[in-house]
Amino acid sequence: MPLKQPLVSILMPFRNTGHFLGECLDSIGRQSYPHWELLAVNDHSSDSSRALLEAAARNDPRILVQDNPGSGIIPALRKAYASSSGQLITRMDSDDRMAPERLGTMSRQLLESGNGHIALGLVRYFSDRGISDGYARYEAWINGLSRTGSNFTEIYKECVIPSPCWMAWREDLDACGAFRPDRYPEDYDLTFRFYEAGVNCLPASEVLLHWRDYDARTSRNSEHYAQNYFLDIKVHYFLKIDRDRSRPLVLWGAGFKGKKIARLLQEAGEPFTWVCDNPRKIGKRIYGVMLRDFRGISGVESPQSIITVANDQAQKEIREFLESLGHQSARDYFFFC
């Protein structure tokens with residue numbers, strides 16, 4: 001395949017999504033860019049999913065159906081990736097739909113930009129029951145970042161690269177470790193490894209993925225997508241990538257997330273000062289650390305701050321306070337929610 005029309009490998013684990021597979025496969029088949037292969041890996045389905053994909057493969061030689069040698073998304077992705085031959089790699093969830101221009105738009109961007117870049121698309125949630133305010137806010141947030149390619153500026157808040165809506169050069173994916181780590185959520189872990197490697201996000205201007213929400217979706221039900229897994233990953237990569245150990249560390253907030261992160265920092269042997277604005281907690285000890293009034297941070301020389309306060313207004317006030325001290329986002333302070 002000449003480089004001007006590189007083969008795109010679509011990696012798609014699937015499990016019991018037979019009800020949605022027809023729409024998903026139709027959206028792949030309608031791509032304006034024809035140079036693709038679909039590596040579909042069955043993760044122990046008990047419904048009609050495998051039969052549907054086998055029927056599709058008989059009609060389209062670009063589709064390969066295999067079984068997961070292990071259990072879960074990570075072993076399935078490894079199987080799909082090992083069987084792929086494309087110069088460009090992307091993921092797809094078997095319950096979602098691609099926009100017709102998705103593969104063409106992303107591959108064109110990567111051809112123009114070269115290695116060291118990741119192509120993204122805007123996303124749109126859809127559901128038979130309508131979209132909740134929470135998902136609507138997440139969609140607006142993630143699309144706001146993707147429009148400017150500034151995704152990594154808020155990487156510690158939430159996964160800033162949706163798993164079924166990115167495309168990368170194989171060389172870049174390999175350099176980032178591809179799907180080798182056994183760390184969930186696997187999409188968030190890979191996002192951090194793209195960030196660590198200095199891969200640049202290309203700005204997106206089109207909705208390229210229609211993201212289905214429903215009760216049985218894996219991200220709603222699997223233990224691997226519980227809050228504690230996200231916090232584990234955030235702390236792991238913060239200490240690895242952004243922590244400057246020549247500077248004191250300050251932890252803001254003593255709610256559920258603050259307490260969990262405090263435990264993780266202690267387990268990592270990372271000392272910190274713990275602050276909040278709750279007069280009922282100030283002066284008390286949690287896990288052996290005294291809670292202090294946040295205003296005392298003005299007397300701490302050159303600190304780095306982890307902020308676990310979720311309230312939007314409180315975040316705004318904290319940001320204004322820190323910036324009044326000359327602190328900069330993503331260097332001196334990091335919002336973890």
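The legends below describe close-up views of a predicted model. Local features are reported where pLDDT is at least 70 and side-chain atom pairs count only at pLDDT 80 or more, while totals for chains, interfaces and linings use all residues. Residues are numbered from 1 along each chain as its sequence is written, and side-chain values use heavy atoms, with hydrogens and water left out.

**View 1. Strands 5, 10 and 7 form an open sheet of mixed pairing.**
Helices (H or I, at least four residues) and strands (E, at least two) are DSSP runs numbered from the N terminus, and two strands pair if DSSP finds at least two bridges between them. The edges are held by strand 5 (97-98) and strand 7 (122-126), each of which pairs on one side only. Strand 5 runs antiparallel to strand 10 (residues 207-212), to which two bridges join it, and Met98 stands opposite Leu209 of strand 10. Across strand 5 and strand 10 lies helix 4 (residues 102-113), at about 130° to strand 10; such angles run from 0 to 180 degrees between N-to-C directions, the axes being lines fitted to C-alpha atoms, for helices over the stretch in contact (heavy atoms within 4.5 Å).

**View 2. Six strands form an open sheet in the order 13-14-12-11-15-16, again with mixed pairing.**
Strand 13 (285-286) and strand 16 (333-335) stand at the edges with a single partner strand each, so one side of each is left without a neighbour in the sheet. Strand 12 (residues 273-276) and strand 14 (residues 289-293) are parallel and share three bridges, with Cys276 opposite Asp293 of strand 14. Helix 11 (residues 312-324) packs on this sheet, touching strand 11, strand 15 and strand 16, and its direction makes about 170° with that of strand 16.

**View 3. Arg97 and Glu23 meet in a salt bridge, their closest N and O atoms being 2.8 Å apart.**
A salt bridge here is a side-chain nitrogen of Lys or Arg within 4 Å of a carboxyl oxygen of Asp or Glu, and the whole structure holds 19 of them. Because Arg97 lies in strand 5 and Glu23 in helix 1 (residues 18-29), the pair ties together parts that are 74 residues apart in sequence. Arg97 is partly exposed at 26% relative accessibility, as is Glu23 at 34%; the classes are buried under 20% relative accessible area, exposed over 50% and partly exposed in between, using a 1.4 Å probe and protein chains only.

**View 4. Arg78 and Asp182 form a salt bridge with an N to O distance of 2.7 Å.**
Arg78 belongs to helix 3 (residues 73-83), whereas Asp182 sits in the loop between helix 6 (170-175) and helix 7 (186-197), 104 residues apart. Arg78 is partly exposed at 28% relative accessibility, while Asp182 is exposed at 63%.

**View 5. Glu139, in helix 5 (residues 133-148), is shown with its surroundings.**
This residue is buried yet has no salt bridge, and the nearest side chain of opposite charge, that of Arg124, is 4.9 Å away; for this purpose Lys and Arg count as positive and Asp and Glu as negative, with His and the chain ends not counted. Leaving aside neighbours within four places in sequence, Glu139 is in contact with Val123, Arg124 and Tyr125.

**View 6. Cys24 is buried, at 0% relative accessibility.**
The sulfur of Cys24 is 13 Å from the closest cysteine sulfur, in Cys165, too far for a bond. Cys165 is likewise in no disulfide (a pair of cysteine sulfur atoms within 2.5 Å), as the nearest cysteine sulfur, that of Cys159, is 12 Å away.
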